[in-house]
Amino acid sequence: RLDRFANELKKRPPNSQGYIVVYAGCRAQKGEAKARAEKAKEYVVKAHGIDSPRITTIDGGQRRELLIELHIRAPGQPPLISSSIYPQ
């Protein structure tokens with residue numbers, strides 16, 4: 001999925017923004033969602049040569065199960081974030 005995400009981001013205008021949103025599962029450790037998002041970003045940047053500022057990582061909160069969402073948005077559009085089962 002990350003490879004397809006990177007390839008699609010390359011096709012978009014250079015000011016398009018990619019978002020990696022990670023929702024931790026119920027049994028996750030504190031900071032696990034953000035760490036997973038950063039690791040995914042690092043892969044996309046290193047493996048595909050995407051400029052780091054084009055990708056924003058977001059800790060989406062918590063869900064029953066781990067969930068990772070990948071979004072590409074036009075300039076000025078906010079990221080798409082689903083609701084968490086627990087308020088932040």
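In what sense do β1 and strand β3 pair, and over how many bridges? They pair in the antiparallel sense over seven bridges; strands count as paired if DSSP finds at least two bridges between them.

Some ground rules. This is a predicted model, where local features need pLDDT of at least 70 and side-chain atom pairs count only at pLDDT 80 or more, while totals for chains, interfaces and linings use all residues. Residues are numbered from 1 along each chain as its sequence is written, and side-chain values use heavy atoms, with hydrogens and water left out. Helices (H or I, at least four residues) and strands (E, at least two) are DSSP runs, numbered from the N terminus.

Strand β1 covers residues 17–24, and eight of its eight residues are buried, meaning under 20% relative accessible area with a 1.4 Å probe, protein chains only. β1 also runs parallel to β2, joined by seven bridges. Take G18: its bridge partner in β3 is I72, and in β2 it is I55.

I55 leads us to K41, in helix α2 (residues 32–48). The K41 side chain reaches the backbone oxygen of I55 at 3.0 Å. K41 is buried yet has no salt bridge, that is, no side-chain nitrogen of Lys or Arg within 4 Å of a carboxyl oxygen of Asp or Glu. The nearest side chain of opposite charge, E38, is 5.0 Å away from K41.

R54, in the loop between α2 and β2, is likewise buried without a salt bridge; D51, its nearest side chain of opposite charge, is 6.3 Å away. Contacts of R54 (heavy atoms within 4.5 Å), leaving aside neighbours within four places in sequence, include Q17 and G18.

Note on methods
Buried < 20%, exposed > 50% of the residue type's maximum accessible area, 1.4 Å probe, protein only. Lys, Arg positive; Asp, Glu negative; His and termini not counted. Polar contact = N/O pair within 3.5 Å; in protein donor to acceptor, adjacent residues only side chain to side chain.
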